[in-house]
Amino acid sequence: MTAPARRGLASLTHRPACRPGGHPGGHPGGHPGGRRVLYGADYNPEQWPRATWREDVALMREAHVNLVTVGVFSWSVLEPAPGEYAFGWLDEVLDLLHENGVSVDLATPSASPPPWLAALHPRTSSVDARGVRMSVGSRNHFCPSAPEYREAALRAATALVERYAGHPALALWHVGNEFGQECFCDLCAAALRRWLVARYGDVDALNDAWGTAFWSQRYRSFDEVVPPRAVPYLHNPAQHVDWRRFSSDQLRSLYREQAAVLRAGSDAPVTTNFMGFFGGVDQHSWAADLDVVSDDHYGDPQDPASPARSALTHDLTRGVGGGEPWLLMEQAAGAVNWRPHNVPKTTAQMLQDSLRAVAHGADGVCYFQWRQSTAGSESFHSALLPHAGPDTHLHRAVREQGRLLAGLGDVVGTRVPARAALVVDWPAMWAGELPARPSDRLRVVEQLEAYHRPLWRAGIATDVVASDAELDAYDLVVVPSLPLVSDAAAASIASVPQRGGVLLVGPFSGVQDPTTRVRTGLFPGPWTDVLGVAGEEWRPLPDAGVTVRSATYGDHVARVWSERLTARGAEVLATYDDGDLAGSPALTRRVLPGGGQAWYVSTVPDPGVLERVLLDCAAAAGVHGPLPLVPDGVEVAQRGDLVFLLNHASDERAVELAAHARDLLGARVTDGVLRLPPGGAAVVAGARAGDPVATPPG
Ligand code: GLA
Ligand code: ZN
């Protein structure tokens with residue numbers, strides 16, 4: 001059976017030309033048609049009087065805003081009393097937006113049920129691991145298993161699709177918001193048991209998978225199983241990981257039933273907004289249920305690693321969507337309000353952040369939120385339109401950004417040419433976050449960042465994919481940290497060097513099966529043969545680290561982690577110089593008969609060394625960035641035929657390009673040299689000899 005085709009973003013980004021008063025659903029003022037980058041924000045008109053709405057749409061128009069998300073938190077206004085819907089205000093808002101050329105991403109309101117629901121049915125509110133039921137007065141307090149909540153949420157979604165499916169402003173559906181919570185109530189416990197019955201069939205299989213012989217945890221029947229509620233000491237790790245899988249599936253079923261109602265009544269694509277690596281849901285397992293993959297991303301403007309981290313998250317979002325264009329649903333224009341100390345972005349960072357998302361495959365960049373709230377918990381969170389009004393530094397930059405994005409139609413719908421992949425799975429991240437492991441310093445996401453960063457610095461396009469993804473399109477496959485892996489996924493990863501590709505595996509990978517049971521024998525169990533190494537002992541390092549000797553990469557200090565290893569067919573590129581581990585390999589490479597390569601890193605090398613290792617792997621795989629020479633401090637990325645350049649340095653940087661290169665943002669390229677001021681950005685057509693400069697026909 002083939003999966004149904006995704007509806008995708010094209011219905012929003014590719015528009016037929018429309019005469020004034022033209023085709024049904026067309027914008028009354030007419031527009032020239034063509035491709036457009038989506039630009040906008042969450043819009044919460046229910047927080048404002050009507051007069052403000054008119055000002056909003058006029059300002060949106062000036063700012064080239066073309067998509068807003070409406071209704072995410074409007075349940076108590078939309079359904080002021082059980083079963084009584086108040087649509088008048090929303091009709092008016094959607095009409096106004098449409099008249100002003102702004103499309104709508106209409107949200108189902110299920111993220112924040114109104115107080116009446118909890119008053120009528122207290123069990124619709126979630127319960128934490130200590131048994132405390134959440135109160136109303138914030139948001140996200142719902143229990144995903146409570147039938148009264150599910151029914152009310154579905155009824156609201158049904159009412160919305162019945163009313164607005166045919167509205168010309170409607171372009172996209174947004175189910176709930178940032179799914180990722182857990183609920184430990186009795187209803188969720190019952191749902192967990194049903195989920196476990198479906199997964200394991202009988203209780204003996206569950207006992208085996210969870211290793212319940214340990215600490216006398218053996219269950220006589222599924223009825224005795226509970227969520228990982230408060231316990232005196234450590235939780236069973238297999239129970240924890242299954243609980244996270246269940247919680248993700250439970251939210252997915254909630255998403256799915258709303259999405260099904262929306263799809264049945266409307267042709268518009270359906271999405272929900274993920275939260276990068278923060279999310280509690282296994283995005284890979286959700287991917288097929290989304291027409292468009294969307295992500296919320298709030299990089300910390302004062303973190304120098306933020307550009308690299310953001311790029312990694314974007315590569316994840318694109319990977320989840322199988323390389324299709326995705327939507328940056330939320331970011332901040334300035335500061336957030338949920339860090340203890342909220343340093344705002346500069347307006348240069350604001351533009352760079354948006355362009356980075358586009359460079360990494362986004363066809364739209366949106367914000368939280370359009371107009372800064374004056375009441376409620378987020379009145380100190382930035383917005384596209386600040387308290388101080390439109391005539392401000394920030395809002396002028398917002399308008400200018402809209403103008404620049406409007407000139408980037410050429411990029412829309414194009415793919416990021418990724419031939420490198422980084423592998424990670426949510427269950428591996430969930431297991432990796434548990435206590436009582438050899439070290440809490442070898443963190444899955446930090447290892448991903450460490451291995452991604454050199455590729456990002458070189459401008460090498462990299463997809464972040466699941467271990468069971470189709471890997472044939474990738475010449476370089478990097479597994480920085482994957483403690484849990486199934487036999488099937490391990491075999492598929494092992495086949496990369498066997499078919500001539502390059503595989504790089506990081507420490508403490510492949511050591512557990514998907515139930516968290518440790519694989520016995522030499523490690524990394526499923527990959528010892530292909531890597532040509534045999535490990536017998538994990539040895540987290542003292543704070544000072546250990547000296548590593550390498551003729552290839554120079555002597556350096558490695559930290560956090562080491563392993564007692566022998567090479568069995570691999571060439572040793574670096575060895576530990578520690579008394580006990582002296583001579584044990586820290587870095588190995590096995591060249592396979594067909595020319596493929598399999599590299600293994602058994603420690604956390606010095607970042608400079610790791611960078612050279614990654615670049616050597618990339619070179620061996622024939623994978624490189626778009627430009628041979630990029631000055632230090634300049635971020636580079638390729639999408640389609642366009643090359644994106646972002647200057648993070650504090651002074652001007654000159655980038656050498658082909659003579660006919662042209663910056664779509666308007667900077668002058670003189671004799672093939674582009675001068676980027678500090679904080680500057682360019683989107684270059686014809687960057688390399690042979691690259692097209694103009695819009696291709698069609
Ligand atoms: C999330 C939510 C928004 C808002 C922002 C603030 O992304 O989806 O509703 O709370 O955070 O940063
Ligand atoms: Zn519950």
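Which residue of strand 20 does Arg549 stand opposite? Arg549 faces Thr575 across the pairing. I start there as a way into the sheets, and then I will go through the domains, the helix packing and a few backbone details. One thing to keep in mind throughout is that this is a predicted model.

Let me stay with that strand pair. Strand 17, residues 546–549, and strand 20, residues 571–576, are antiparallel partners joined over two bridges. Strand 20 also pairs with strand 21, residues 585–591, and here four bridges join the antiparallel strands. Thr575 turns up again in this second pairing, where Pro585 of strand 21 is the residue opposite. So much for strand 20.

Now the domains. The domain assignment gives domain 1 as 10–182 + 228–411, domain 2 as 188–224, domain 3 as 420–621 and domain 4 as 634–685. Taken over C-alpha atoms, the centres of domain 2 and domain 3 are separated by 33 Å.

Next, the nine-stranded sheet. It is open, its pairing is parallel, and the order across it reads 7-6-5-4-3-11-10-9-8. Which strands stand at the edges? They are strand 7, at 270–271, and strand 8, at 273–274; each has a single partner strand, so one side of each has no neighbour in the sheet. Further in, strand 5, residues 103–107, runs parallel to strand 6, residues 170–174, with four bridges between them. In that pair, Ala107 is opposite His174 of strand 6. There is also a helix against this part of the structure: helix 12, residues 347–359, lies across strand 10 (326–330) and strand 11, and runs at about 145 degrees to strand 11.

There is a four-stranded sheet as well. This one is open with antiparallel pairing, in the order 23-24-29-26. Strand 23 (634–639) and strand 26 (662–663) are at its edges with a single partner strand each, so one side of each is left without a neighbour in the sheet. Strand 26 pairs with strand 29, residues 681–685, in the antiparallel sense over two bridges, and Asp663 is set opposite Val684 of strand 29.

On to helix packing, with three pairs to show.

The first pair is helix 4, residues 88–99, with helix 6, residues 147–164. Their axes come within 12 Å and cross at roughly 45 degrees. Helix 4 and helix 6 are therefore oblique to each other, and their crossing is right-handed. Helix 4 contributes Leu90, Asp91 and Leu94 to the contact, and helix 6 contributes Leu160, Arg163 and Tyr164. Sorted by class, that contact of helix 4 with helix 6 comes out as four nonpolar, no polar and two charged residues.

The second pair is helix 7, residues 186–200, with helix 9, residues 237–265. The angle is about 105 degrees, and the axes are 10 Å apart. How do these two helices lie to each other, parallel or perpendicular? Helix 7 and helix 9 are roughly perpendicular, because an angle from 65 to 115 degrees counts as that. On the helix 7 side, the contact is made by Cys188, Ala191, Leu192, Trp195, Leu196, Arg199 and Tyr200. On the helix 9 side are Asp242, Trp243, Arg245, Phe246, Asp249 and Gln250. The contact of helix 7 with helix 9 divides into eight nonpolar, one polar and four charged residues.

The third pair is helix 15, residues 444–457, with helix 18, residues 607–621. These pack at an angle of about 65 degrees with axes 9 Å apart, and the crossing is right-handed. Ala450, Tyr451, Pro454, Leu455 and Arg457 of helix 15 meet Leu610, Glu611, Leu614 and Leu615 of helix 18. By class, this contact of helix 15 with helix 18 has seven nonpolar, no polar and two charged residues.

Last, the backbone. Most residues other than glycine have a negative phi, and most peptide bonds are trans. Against that background, here are three places to look at.

Phe368 and Gln369 are joined by a cis peptide bond, with omega about -5 degrees. Gln369 is in the loop between strand 11 (362–367) and helix 13 (393–406).

The bond from Phe523 to Pro524 is also cis, with omega near -5 degrees. Pro524 sits in the loop between strand 15 (502–505) and helix 17 (528–531).

Finally, Asn140 is not a glycine, yet has a positive phi of about 60 degrees. Its place is the loop between helix 5 (115–120) and helix 6.

That is all I have.

Key
Residues are numbered from 1 along each chain as its sequence is written. Chains are lettered from A and ligands numbered from 1 in the order in which they are written. This is a predicted model: local features need pLDDT of at least 70, side-chain atom pairs count only at pLDDT 80 or more; totals for chains, interfaces and linings use all residues. Side-chain values use heavy atoms; hydrogens and water are left out. Two strands pair if DSSP finds at least two bridges between them. Axes are lines fitted to C-alpha atoms, for helices over the stretch in contact, and angles run from 0 to 180 degrees between N-to-C directions. Angles under 35 degrees count as roughly parallel, over 145 as roughly antiparallel, 65 to 115 as roughly perpendicular and the rest as oblique. A crossing is left-handed if the near helix is turned anticlockwise from the far one by less than a right angle, and right-handed if clockwise. Contact means heavy atoms within 4.5 Å. Ala, Val, Leu, Ile, Met, Phe, Trp, Tyr, Cys and Pro count as nonpolar, Asp, Glu, Lys and Arg as charged, and the others, Gly among them, as polar. Domain bounds come from an automatic or database domain assignment.
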